[in-house]
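I opened the model today and kept notes as I went. These are the entries, in the order I looked things up.

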Amino acid sequence: MAGEIYVLLVRPAAIFAFDPDNGKVRTVAAPGGSPDGIQVDHASNAIYWTNMGALPITGEGFFADDGTIERCDLDGSHQSVLVGGGAIVTPKQLQLDVENGLLYWCDREGMAIFRCRTDGSELTELLRTGQFPDDMSDVMRHCVGVAIDKRHRHLYWTQKGPPDGGRGRIFRMGLDIHDGMNAASRDDVRLLLDHLPEPIDLEIDHQRGQLYWTDRGDPSVQGNSINRADITPEGLTGHEVLATGLKEGIGLTLDLAGRRVFVGDLSGAIRVLPMDGGAMSVLHQFDGPVTGVCFGPSGRQVRIHHQEKARI
């Protein structure tokens, strides 16, 4: 099936759509702030993204509670804020449950995992690993990547640890909180993998029961890589490093029909890796750091002129 990769650039903030098969790039929107995670729903004419807030002058820490969840139409019009006003701090990877109309995301410096309806209502805290702002400097509490497995009612997430620290972790818990529990006292949190270089975004191949993730950690210990593991009732087994050589790998999306993995990194590259074996290659080079990516079928409702290369 023909498709496009929706791409977020964080500096300057921009949304593009890129066709991995013919190389064409379309400018979609110019959101404010620092976008990080993206999802697209063509049936509802909607693009959703996370905004980490005002870009810091130095470093990568976002310590103000000015993060937002936002949306626009597929042509970039009607931009609106769904969640904000101090409710969240640094929203990162975003996942969409189309059937149930739900958005899920990790809040890094906010040290939490949230979901809400696609109209921004029913904001629900699913996990809390620390108290904002007192604990936000403890990077071991920071939640980054998220993936949902509706069939087994599981939610997976990463806690990356310190940069290049080799203390990254992947966890799993239920999609819902058990009766008598709250976000800070859940009894179903399971640590699945530990001592990873620096795991970031997650995606699930539901057909084959496999979890994929990017890692932006130390290359000398197989960081800056694309990874995969088999999902079992007990956890994750058969961890494979599928490719290395990313330049601060962040965004991740799967083309299951075409058996391709697409990755974006802070060098601005969009890379592709065959899921069933083969070399990773660069498909396009953007003129700015890429954060989130999302692959989906080509949208007929988008009314933007083509350009061969994005200039930002």
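The notes below run from the overall fold to the backbone, the cysteines and the cavity.

**Entry 1: overall build**

I note at the start that this is a predicted model. I looked up the secondary structure and found 0 helices and 25 strands. Next I checked the radius of gyration. It is 18 Å, close to the 20 Å that the globule rule gives for 312 residues, so the protein is as compact as a globular protein of that length. I also took the extent of the C-alpha trace, which spans about 50 × 45 × 40 Å along its principal axes. For burial, I read that 57% of the 312 residues are buried.

**Entry 2: one hairpin**

I picked strand 22 (residues 269–274) and strand 23 (residues 281–285). They pair in the antiparallel sense over 4 bridges. I traced R271 to its bridge partner, V282 in strand 23. The hairpin has 6 residues between the two strands, and G277 takes a positive phi near 115 degrees there.

**Entry 3: backbone oddities**

I searched for cis peptide bonds. One joins R11 and P12, with omega at about -10 degrees. I placed P12 in the loop between strand 1 (3–10) and strand 2 (13–18). Another cis peptide bond joins F132 and P133, with omega at about 0 degrees. P133 sits in the loop between strand 11 (124–128) and strand 12 (146–149).

I then looked for positive phi in residues other than glycine. N45 has one, near 55 degrees. I found N45 in the loop between strand 4 and strand 5 (46–51). M111 also has a positive phi, near 55 degrees. The place of M111 is the loop between strand 9 (102–107) and strand 10 (112–117). Is M111 buried or exposed? I looked it up: M111 is buried, with a relative accessible area of 0%.

**Entry 4: cysteines**

How many disulfides does the structure hold? I counted 0. I followed up on C106, which is in no disulfide; the nearest cysteine sulfur, that of C143, is 5.1 Å away. The cut-off for a disulfide is 2.5 Å between the sulfur atoms. C106 is buried, with a relative accessible area of 0%.

I went on to C294. Why is the sulfur of C294 in no bond with the closest cysteine sulfur? That closest sulfur is in C72, 12 Å from the sulfur of C294, which is too far for a bond. C294 is also buried, with a relative accessible area of 7%.

**Entry 5: the cavity**

I ran the cavity search with a floor of 30 Å³, and the count came to 1 cavity. The largest cavity has a volume of about 60 Å³. I listed its lining: G37, I38, Q39, Q93, L94, D201, E203, G251, L252, G292 and V293. I then asked which elements give two or more residues to this lining. They are strand 4 (35–41), strand 8 (91–97), strand 16 (199–205), strand 20 (249–255) and strand 24 (290–297). Strand 4 gives the largest share, 3 residues.

I sorted the lining residues by character. They divide into 4 nonpolar, 5 polar and 2 charged.

**Entry 6: recap**

I close with two items to keep in view. The protein has 25 strands and 0 helices. The lining of the largest cavity draws its largest share from strand 4.

Definitions and conventions. Residues are numbered from 1 along each chain as its sequence is written. This is a predicted model: local features need pLDDT of at least 70, side-chain atom pairs count only at pLDDT 80 or more; totals for chains, interfaces and linings use all residues. Side-chain values use heavy atoms; hydrogens and water are left out. Buried means under 20% relative accessible area, exposed over 50%, partly exposed in between (1.4 Å probe, protein chains only). On a 1 Å grid over the protein atoms alone, a cavity is a set of points where a 1.4 Å probe fits but cannot get out, and a pocket is an open set with protein on both sides within 12 Å along at least five of seven lines; lining residues have an atom within 4 Å of a point. Grid points are joined across faces, edges and corners, and a volume is the space filled by probe spheres set on the points. Ala, Val, Leu, Ile, Met, Phe, Trp, Tyr, Cys and Pro count as nonpolar, Asp, Glu, Lys and Arg as charged, and the others, Gly among them, as polar. Two strands pair if DSSP finds at least two bridges between them. The radius of gyration is taken over C-alpha atoms; the globule rule is 2.2 Å times the number of residues to the power 0.38.
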